[in-house]
Structure formats: C-alpha cells, structure tokens
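Dear colleague,

Here is the structure I promised to pass on to you. Please keep it open beside this message while you read, since my notes follow below.

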Amino acid sequence: MQRRTWLTAAAFVAGAPFALSAAHAQDFPPKKAVTMVVGFAAGGSADIAARVIAKKLGENIGQTVVVDNKPGAGGNVAHAQVANGPSDGSMLLFGSIGPLSIAPHFMKVGYDPLKSFAPITMGVTFPNVLVTPASTGIKTLADYVAKAKREPGKLDFASTGPGSASHLAGELLNDIAKIDTVHVPYKGGAPALQDVLGGRVASFYAAPPTALPHIESGKLIPLATTGLTRPAYLPNVPTVAETYPGFNATNWYAFVASSKTPKPLLDRWNAELVKVLNTPEVRDNLLKHGQTAAPGTRDELAKFMASEYEKWGRIITERKITAD
C-alpha cells in the first residue's frame, strides 16, 4: 500500500511540470498583450474591420488588443509571421482570401495555408467594386471593356498585391471578357486607392470600406461589383456576373492562429470573437463600411478554407494566371 502511494505521488510530481506548463499555455486571456495581425496597410478594408472588431474584443476581455499592420507581398508577410509566431493565444491573424487561397498556388510563401494555421471563425465577407476615376470618362462596365479592347495592354488596374482577391478579380475579367488590362500591385488598399484617386492608375477592384466615401463624393465611378448579387449599399451598381455569367470573386477575412495553439485557447477565441461579431453595434459599424459580419464555427471555417483553396487553385491552373 505504501509503495503504491509513493509511486502515485512520484508520478504526480514527475508530471506536475507538464501539467503546470499546459495550464499556463491555456491562460485566457493571455497574460501578455494580444496582437491582431493584419497583412495590409492602415486605412484599408482589412484594417478598418480589424479595428472595429479589436476595440469591442478588448472591451469584452478587459485587455487591450493591438492591431499590428504588416503589409507586404499581398499579405503573405503577415501570414508567414503568424504561422511561425507564438502559439500561446497572444497572436491572432485576420487572414484573407489572397494569402490563404490564391497566392500559394503561384508563388513561394513561408507557410502552408491548410496546415500552418488553426481556424477560429470567419470574420467578414464582401464583394470588391471595380472603380475608375471620374477623369477617365468611363461610366459603365461596357465602356471599360470597350476601351480595353480598343487599347489592349494600356488600361491598368491596381490591386492590394500579387495573389490578392483584387488581383485575381482583374485576371478573371481579362479572361472572361477577352481583354488585356495590366496589373499594378500595391502593398494594400490605401496606397492603391491614393494612386487611383490621383489618376496614376486607371482602375481598382477596391474594397467597399475604402471606396464608398469617394463614390459618394463623385471622385470615383463604380462600374460593377464582383459578387453574385448586388450589395445593399450599392443597389444601383450591377455585378460583373450580370454581364458575364459565372463571374464571382467575393472577398473575405477570417480569424486564424498558429496551428500549434492549444485547442482550449482556440475554442475560447472562437466564443469571444463570435460574441463580438454578433454584437449589433459591431455588425452595423461593419455594414456601414460595406462589410458583412459572418461568425461561425471552427469546423465551418476549416471546410470553407479548404474549398476556397481548391477552387482558386483549379481556376489559376486552368486559366494560367500568374503573379506578374
């Protein structure tokens, strides 16, 4: 009896450091500052949504949530940072369609989109809107396509970086409309928008949060949106699909973390983020910026990410789209 008790106690003592380590790894909220990494420049669509969500999240957990903008390579720099970053729950990534579903098919990235990240919840979804400066004189999608056909290789379009959703939207229109517009990559939506507003680039597949104020002021002309249906905030702007059936390039941002993050922490982050995304003031604020809150389960996001990765990989291969 004494020997058995001693062995049990010894086993407990031997295992205690591991138990304490596991418990410490699953502290929630994390004892150090929480960072929400965004792969694009401040002022762009991802940044706007992240800051709306981070503010409410910080209030709910009683801790400051810092939005860290890491622009570069269409968001791939930020994704590589988080993939190889801390797994203690202190670093979240506001991941996006480009780095997670598109870019890995035609460029080297420092992560595996389906293995390096643990899904938490979908964040927001929205179509892009093809805009052009009022100074171009282009008023409709038909005008845009006609000009591109008259002057092949001269009409250009900005994107938030190689492999981004705004890049692929332009390549898809090139393919489906049989035109040749030139891709001009930027490090985020904000710098791309500035050059479009300045007339240095002819068009941009912009995120609604950054484009809407300039559409309302008349500085930018909205030609078409890239989803399957017209968004409520641009009811008079047609979709590309209305002219070219089957065209669909919907944008999305989702919350993920390092795949090494313990499951209890991921589950807690899911609960907290879903709570934030279901808050009426957050949903209304996001919608005001042209984005729809889309909270869900971790399994739902995992399945969605896998399907998006397969879909865009097939399209990129079939249509021979490159990052140039």
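Leaving aside its neighbours within four places in sequence, which residues is Trp312 in contact with? With contact taken as heavy atoms within 4.5 Å, they are Ile97, Ser101, Ile102, His105, Leu168, Leu172, Asn248 and Ala249.

Before going on, please note that this is a predicted model, in which local features need pLDDT of at least 70 and side-chain atom pairs count only at pLDDT 80 or more, while totals for chains, interfaces and linings use all residues. Residues are numbered from 1 along each chain as its sequence is written, and side-chain values use heavy atoms, with hydrogens and water left out.

Trp312 also belongs to the largest nonpolar core (buried Ala, Val, Leu, Ile, Met, Phe, Trp, Tyr and Cys residues joined through side-chain atoms within 4.5 Å; buried means under 20% relative accessible area, with a 1.4 Å probe and protein chains only). This core has 47 residues, of which Phe117, Leu141, Tyr144, Leu173 and Trp312 touch the most other members. Helix α6 (residues 165-177; a DSSP run of H or I, at least four residues) gives the most to this core, with 6 residues. Another core lies apart from it and holds 34 residues, among them Phe40 and Leu273.

As for the strands (DSSP runs of E, at least two residues), β9 (residues 220-225) is largely enclosed by the rest of the structure, because 5 of its 6 residues are buried. Strand β5 (residues 129-133) runs antiparallel to β9 and is joined to it by 5 bridges, where two strands pair if DSSP finds at least two bridges between them.

Lastly, Ser258 sits in strand β10 (residues 250-258) and is buried, with a relative accessible area of 2%.

Best wishes

Conventions:
Buried < 20%, exposed > 50% of the residue type's maximum accessible area, 1.4 Å probe, protein only.
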